[in-house]
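Okay, thanks everyone for coming. I'd like to walk you through one complex today and stay with the contacts between its parts. Let me put it up on the screen.

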Amino acid sequence: MSENLEEFATPGNFSYATEYAHDAGRGLREETVRYISKVKNEPRWLLNFRLRALKIFEAMPIPPWIPVDLAPLQFDQIRYYLAKDQEPKRRWEDVPDEVKATFDRLGVPENERKFLAGVEAQFDSEMAYASLRQSLAEKGVIFVNSTEGLLQHESIFRPHFGKVVPPADNKFSALNSAVFSGGSFIYIPKGAKLEQPLQAYFRINAEQFGQFERTLIIVDEDAEVTYLEGCTAPRFESSTLHAAVVELIAMPRAKVQYITVQNWSSNVYNLVTKRGTARESAEIRWIDCNIGSRLTMKYPCVVLAGTRARGEMVSISVAHHGQYQDTGAKMIHNASHTSSHIMAKSISIQDGVAAYRGTTRVAKSAKNCKNYTRCDALMIHPESVSKTSPTLDVNGNLAQVQHEATVSRVSDEQIRYLRQRGLGESQAMGLLVNGFLNELLREFPMEYGVELKRLMEMEMEQR
Amino acid sequence: MRDVLAIRDLYLNVAGKAVLYGLSLAIPAGEIHVIMGRNGSGKSSLLHALVGQIPVASGAVTLDGESLLELPQEVIARKGLFLAFQMPVALPGVTVTQLLRAALQARQEKGKLFNHMQFHDDLEAAMELMGMDPSWANRHVNDGFSGGERKRCEMLQAIMLKPKYVLLDEIDSGLDVDATGIMVNAIRLLQRRGTGILIVTHHSRWLEALNPNGVHLLSDGVILRSGDMELARTIELEGFQAVQ
Amino acid sequence: MECEKLSTVLPADGILNAPDGFCFIDDLPAEASYELRLDTHTHCKFVLHLGPQGQHIRRRTIFSLCGENAKLDAHVLIQAAGNQCIEWLGIQRHLVKNTESNLLIKSTAENGAKISIISKIIIDAPATESCAHFQNKNLVLSSRARVIARPELEIHANDVHCSHGATIGGIDPTEEFYLRSRGISQRAAKTILQRAFAEEILCQMPNDAPYN
């Protein structure tokens, strides 16, 4: 079945031609789900899980509060499953110049560029990964993809799978639950503290990065891990819909840090459900940077289920021309003596829209809880747009919840001052924008921080 | 061409009003010149016009023989003209170190590697001269600074960026006795390096230690009178009308 | 400033073109919905005191700054008790340049009361050089009470000064302890602190302002 994929290409953006053998077809039907489950050799319970989720997806309407018209998505035209050798490929000549320029600026290694740009389906990381795999195995760490996790390590992952984010949570978690493939399933045993972050990158192959990744990370008591997802370099994604689900479970006294840098191409609708449950004295930190995509809707959540648990969110959101970044955080205090902290900074460039949506909720039974939220928006141009809608919902008199938001711009006076110091206008913008993001950039691992700064400087140069 | 910042016959309008009517002044390299004048006489406007922030109606401004008019502000800055602002704006999130590094890198020839070690040594020495403890390096530029701290930060930048000519807009205001002493030392250092210095000020006493080469009265849009410290003392004691 | 009661001056359609130099007092019944429009060079004040009377109280209030140099200073005090449910839905809308609005809402929730405060600042693209500020402080006084605060911002112009803040919490234990260390009973200490909390708004009210 040859395909004409022109309709997936955004005019003037990417275009490619391809031909491939067989696949799950377009549109989402029960046969599609059965096909996926069969190809992966899944047990009956998992097939049933997918089929139930499909029913839920079909029954749920598209949420009315989605800020952008989803018509371009055409659910019945999407391919919901593509196996390893079926990913469509592009020619390097067709990769836009500015993407190539970004690779140069960020110093992305040659062989990685082709993978990121969608020219190659696979990045050969087996060598690097082999030694890591060895040291992880020695510690009893499990780091596999979702299929391997549920099939080879069912007793570990099945009890928690779909519990933190149930299929019925929202339409897109239902969709993911029906057709998920790829993603990371990680188990960190009791007391294990990993110094080096685990990266999705280590396990690159076409299946790893899919439209419907499913990640489940279980950190057992007293263990610690940092997980890195994504990269600063622009990622080309042939598919327009990205509906991932990430579930984290931090057992008592465990610590999890989940770092995401998202720079998808501008044809992608990125609708993600991320949630973590923190047990007694556990800590979950979401560190999120959203630069790419046409629309991102992502509200990482921490459910503070055990006493003295702690949740944190650090969020950087950059909305360029034509982009809508709708991001935020949710902190749900269900236990006493829990605390949460949200720090969100957004930048709107040209007519980009950066929106913050957050919720902090304190249950009646949760005593002596504290939350602090701070949202800062930087609007670069007169046509930029910034929206903030936090919800504070407190039951009882023993909580302290505080929210602050500011809006600022780069002033002419600041630009004049920096020009008198010898900086050109775009250099001055780059310095001020990085100054705005400074305190949050420090939360990212150093290489990411450096790359993000370079990206922001490039952004300012282009305006 | 002699090393001089030369202003000839400068006409300047601000908000539709004529402010300077053919002002002429020369600041040779290594010399200290002072401009005094009533509020609203155009002293600050003159300095802003020299660095390219206000367009000039007519006249000539040359730096070591090269015309500065019509050049973009950052080019004028890189050619070696530095203005210490009277009320410098805050740059939240940008540290003093980041600002200085970015400014120095902007002046560097393409392809040359930035010498970070040298930069840190220079910064340490400059901060010591300015009586700043090490924490200053990480403070956000002018963010939450008192008036006096802003002036010291401006002078720190003047020392680090090594300009050929420095314009000081009321650098003495808001300083206590100790800080004034530090400022005088800093200006002396610049002078020893051969920097040409133009100071705009209302007070003369702090200038005694500097022994300026020229003191000029800006009035009616021109330099009405030029002299030496004696002129400055007269203005301070007897007011402007005594010298007009 | 001269005071005017909304019950007297609010037209039937609920839209009041506010004349300059007045302080408007909302003395309307339990459910009310209205818009105050401020035109060029109009400076007004607004006060509202919603007290612990009546089961369900709701306000839908729009403050529109339609003319340049319009300015509004608004103060709202909400005191809910028993099983009351009080809702505030407010919008500060800036349509043109050089406008200013400041809104401070304080609330106290006792017994099993529920308070919901949803207040939005909207700055249209032409409203450059405008200032809009919103502060919401909520004091929860019992374990059965509930407060929901939603301060929202929607900004389409970048040359503006805008901020908002909201806090929800109980009586500050340090403040309570201080009073008790001076020999004041717990009950009296709480009453004193509650009064002090409300005072910031009460002192904005004209002396004869009615209690809704």
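**Walking around chain A**

Let's begin where chain A meets chain B: the contact takes 16 residues from chain A and 21 residues from chain B. If you look at the chain A side, helix H9 (412-420) and helix H10 (425-441) each supply at least two residues there. And the make-up of that side of chain A? You get 5 nonpolar, 7 polar and 4 charged residues.

Before I go on, a word on what we're looking at. This is a predicted model. The predictor gives the complex an ipTM of 0.95, along with a pTM of 0.86. For chain C, the mean pLDDT is 93, and 97% of its residues reach 70 or more.

Right, so now turn to chain C. Here, 30 residues of chain A are in contact with 29 residues of chain C. Which elements of chain A give two or more residues to that side? They're strand S18 (385-395) and strand S19 (399-409). S18(A) gives the most, with 11 residues. Sorted by class, the side of chain A that touches chain C comes out as 12 nonpolar, 13 polar and 5 charged residues.

Stay with S19(A) for a second, and look at its partner across the chains. S19(A) pairs with strand S13 of chain C, residues 161-169, in the antiparallel sense, and the pairing runs over 8 bridges. If you want one spot to zoom in on, take Val407(A): its bridge partner in S13(C) is Cys162(C).

Last stop, inside chain A. The chain is divided into domain 1 (1-298) and domain 2 (411-463). How many residues does each domain bring to the contact between them? Domain 1 of chain A puts in 10 and domain 2 of chain A puts in 9. On the domain 1 side, the elements giving two or more residues are helix H3 (97-106), strand S8 (255-262) and strand S10 (283-290) of chain A. H3(A) has the largest share of that side, 3 residues. As for classes, the domain 1 side that touches domain 2 has 7 nonpolar, 2 polar and 1 charged residues.

So, to pull the picture together: toward chain B, look for H9 and H10 of chain A; toward chain C, look for S18 and S19 of chain A; and for domain 1 of chain A against domain 2, look for H3, S8 and S10 of chain A. That's my tour, happy to rotate it around if anyone wants another view.

Key: Residues numbered from 1 in each chain as written. Chains lettered and ligands numbered in written order. Predicted model: local features only at pLDDT ≥ 70, side-chain atom pairs only at ≥ 80, totals over all residues. pLDDT = per-residue confidence, 0-100. Contact = placed C-beta atoms within 7 Å. Helix = DSSP H or I, 4+ residues; strand = E, 2+ residues; numbered from the N terminus. Nonpolar A, V, L, I, M, F, W, Y, C, P; charged D, E, K, R; others polar. Pairing = 2+ DSSP bridges. Domains from an automatic or database assignment.
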